[in-house]
Amino acid sequence: MPSDGYNWFLILVAIIASVVLVMINVYILVNFQHPEDRNQAWFPKLVVILGLTLAEMSILLLPLDVANRAACAESIVLSACNFALPMEQLWYAVYMAMFVMMVAIVPFTLFYYEQDHDMSAWGKTVSSGWWIGGTVTVLALILGLCYGFLGYVDFPVTTLTSGLAPLGATALDAAHTCVAPETFASNGVNQGYACDADGGVPTETWSVRTTFPVYVIAVGSILSWVLFICFGGVGVSAIPIDLVKSFLGRPMKVIAKSEYIRIAGKIAEQTKAVMADAREVQREERGTGKTRKTRRALAEINKRLVQLEEDELILQKMYPQGEDRDTSWTVTVMGHYASLGGGVVCGIVSILWMLHIGLYMFPDPPQTPFLNRFFVDLDAAFGLLGTGSFALFCFYLIMCVIKGNVKLGFRLLLWTVYPMRLGNTLMSAFLFNVNLIMLSSLAVIQFCAKAFDGYAAETSVSNIFGQEIENLRGLGAIFGEDIFLYIFFAVACLSAIVLGTDEVKASRQPRRNLDSM
C-alpha cells in the first residue's frame, strides 16, 4: 500500500459499491411497486433509485473515509498526504446533493405524479414548479436568516502564557511548570495561573463563522434524529424478530394443483365480500359523513385486506410455479433457513450495538473501546477487514431505518401516511418515504461518527460532526449533551419489549390454516 496515501484500490471499491447499491435498489423497487406502475412512471422510479442510492452511499462514505485516512503512513502528517479521494469535498457534495433532492427534486416529482391525469404535461410542470418554488423560497429565507444571525461556532479557548529565561537562571530553577512572564510575577516565579491549564485559568470563547453547508447539515440533523429515533429504534429490533418470524411461519408442505385452485377460489370469494362491505361503508359515508362507526368499519376492512394479501403470498409459496416445481420448492425452503440465519446474525449485531452504546458512548470516560478495539484488531489481522466490518455495522443502521419505515410508516396521529407494502406501493409513497430515509441518513452518519470516534479519528467526517456542529451557536448544546442518544436507546429497548411481547402473544393464538378454508 502506498505510504503517501494514494490508493487506486479505494476508487475501485467505491465504483463497485455504487453499482451494487443501484442493483439492490432496483430489486427493491421492482418488488415493492404497485401493479399500476409497471412499465410506466419511469422518471419517478429514477428519482427513487437515485435517492435510495444517495442515502446508502452517504453511509458507506464513512468506512471509505477511514480507509482513505489509513492509506497514509503514520509517519506522514495529514497536510503532506496525497490522498486518493478528497473526502471532505465528497462529504459536502453528497450532503448538498441530498439536500437538493429532499427540498426540490423529490417534492417536484411527487407533486407532478399526483396531478390530475387529464392535465397536460406542461400544466403539471408549471403547477409543480410553483409549489416547489414557494417551498424553496420559504426554506431559503429561514435558513438564510438563521445562518446570518446564528451561523457561528463558539470554541472554548484557554490561553496559556509562558515567559523566557536563560539556562541556569533562578526563575528557571524555581519554576514548577513554566517560566512566568514579567507581568505576572516580579520574582520571576509563577505558581501556575495562566501557565498551567489545571491551575484555574479562565476559559474564553472564540467565535468563528461556519460554512453554510455545515449549518444546513446541523439544522437537517435535528429533524433527522427524530426520524432515526422512530424508525431506527424500531428497526433495530424488528429486523431480527421479523426474520425469525418468517422462518417460524413458513409453509410446511406443497399442495396439489386442485387444492391450490380451491383455496384460491375461497380467497377470491372473501375478497369480493370485503369489497362489497367497503362499498357499503362508502355509501354510508356519503349519507352521514365520516363517523366513528365508519372509521372503525374501514379499519376492520383494511385489516381483512391485509390478511388476504398475506394468505395469497403463503398460497403462492405452497404451490411453486414454473416447470421445475421441486427446484422452486427447494429454493423456497433454503430461503426460509437463510432467513433464520440472518435473523440470528442481525440479532447479534443489534445486541452488540446496544452494548457499545452502554459501555462506550454513555460513560465519560468510556468503560471500554469495545467495537473500536474490535475493528482495530481486525485491521491488524488482515488489511481492510476491520474497515469492512465497520462498514457493515454502519450500513446495518440504515437498513434498520428502512425496516422501521416499512413497519411503522409515517404516522399523523393514528393514521399512516404513504405506507410501504410489498407489491402494493405507489410511486407517490415511494417518493415520500425515500425523502424520509435520506433525511434519516444524516443522523445515522452522525451517530456512527460519534460511536466510532476512536476508530474513525482524524477523518473528514469527524471534523465536521466532532468540532463544528457540537460547538455551533444555539444548536451545539443539543448534540453535545447526547439528548437524542439517550432517547434512541430508550426507544430501541422499549421496541424490543413491545415487539417481543406481541410475537409471544401471537404465537399462543391458533395459527391460521389455509387448508381449512
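These legends describe close-up views of a predicted model.

**View 1. A patch of positive charge on the surface.** Four residues gather here: Lys-290, Arg-292, Arg-295 and Arg-296. Arg-296 sits in helix α8, which covers residues 292-318. Its relative accessible area is 53%. Arg-296 is therefore exposed, since the cut-off for that class is over 50%.

**View 2. A salt bridge within helix α7, between Arg-283 and Glu-280.** Side chains of opposite charge can pair when their charged atoms come close. In this pair the N to O distance is 2.5 Å. Helix α7 spans residues 257-288. The two partners are 3 residues apart in helix α7, so about one helical turn separates them. Arg-283 is partly exposed, at 44% relative accessibility. Glu-280 is partly exposed as well, with a relative accessible area of 44%. A search of the whole structure finds 10 salt bridges.

**View 3. A salt bridge between Lys-293 and Glu-284.** The N to O distance here is 3.8 Å. Lys-293 counts as exposed, at 54% relative accessibility. Glu-284 is partly exposed, with a relative accessible area of 29%.

**View 4. A salt bridge within helix α10, between Arg-373 and Asp-377.** The closest N and O atoms of Arg-373 and Asp-377 are 3.9 Å apart. This still qualifies as a salt bridge because the cut-off is within 4 Å. Helix α10 runs over residues 371-381. Arg-373 and Asp-377 are 4 residues apart in helix α10, so they are separated by about one helical turn. Arg-373 is partly exposed, with 45% relative accessibility. Asp-377 is also partly exposed, with a relative accessible area of 41%.

**View 5. A network of salt bridges.** Three residues are linked: Asp-242, Lys-403 and Lys-407. Asp-242 carries the negative charge in this network, and Lys-403 and Lys-407 carry the positive charges.

**View 6. A nonpolar patch on the surface.** The patch measures about 560 Å². Its members are Phe-9, Leu-12, Val-13, Ile-16, Val-20, Ile-24 and Leu-384. Leu-12 belongs to helix α1, residues 8-32. At 45% relative accessibility, Leu-12 is partly exposed. Leu-12 can join the patch because members need over 30% relative accessible area.

**View 7. An aromatic pair between helices α4 and α6.** The count for the structure comes to 25 aromatic pairs. In one of them, the ring centres of Tyr-147 and Phe-212 are 5.3 Å apart, with the planes at 85°, so the pair is edge-to-face. Tyr-147 lies in helix α4 (residues 121-150) and Phe-212 in helix α6 (residues 212-248). The pair therefore ties together parts that are 65 residues apart in sequence. Tyr-147 is buried, at 18% relative accessibility. Phe-212 is partly exposed, with a relative accessible area of 33%.

**View 8. A tilted aromatic pair, Phe-228 and Phe-447.** The rings are 5.6 Å centre to centre, with 50° between the planes. Phe-228 lies in helix α6, and Phe-447 lies in helix α12, residues 427-451. The pair therefore ties together parts that are 219 residues apart in sequence. Phe-228 is buried, with a relative accessible area of 0%. Phe-447 is buried too, at 2%.

**View 9. An aromatic cluster that includes Phe-228 and Phe-447.** Both Phe-228 and Phe-447 belong to one aromatic cluster. Trp-225 and Trp-353 are also among its members. So are Phe-374, Phe-375, Phe-390 and Phe-393. Phe-452, Tyr-455, Phe-484 and Phe-488 complete the cluster.

**View 10. Trp-130 on helix α4.** Trp-130 has its place in helix α4. At 69% relative accessibility, Trp-130 counts as exposed. Phe-108 lies 22 residues away along the chain. The C-alpha atoms of Trp-130 and Phe-108 are separated by 9.4 Å.

Methods:
Residues numbered from 1 in each chain as written. Predicted model: local features only at pLDDT ≥ 70, side-chain atom pairs only at ≥ 80, totals over all residues. Heavy atoms only, no water. Patch = residues over 30% accessible without salt bridge, like charges linked within 9 Å, V, L, I, M, F, W, Y side chains within 5 Å. Areas by Shrake-Rupley, 256 points an atom, 1.4 Å probe, with all protein chains shown as cover. Salt bridge = Lys/Arg side-chain N within 4 Å of Asp/Glu carboxyl O. Charge placed at Lys NZ, Arg CZ, Asp CG, Glu CD. Helix = DSSP H or I, 4+ residues; strand = E, 2+ residues; numbered from the N terminus. Buried < 20%, exposed > 50% of the residue type's maximum accessible area, 1.4 Å probe, protein only. Phe/Tyr/Trp six-rings, centres within 6.5 Å; stacked < 30°, edge-to-face > 60°.
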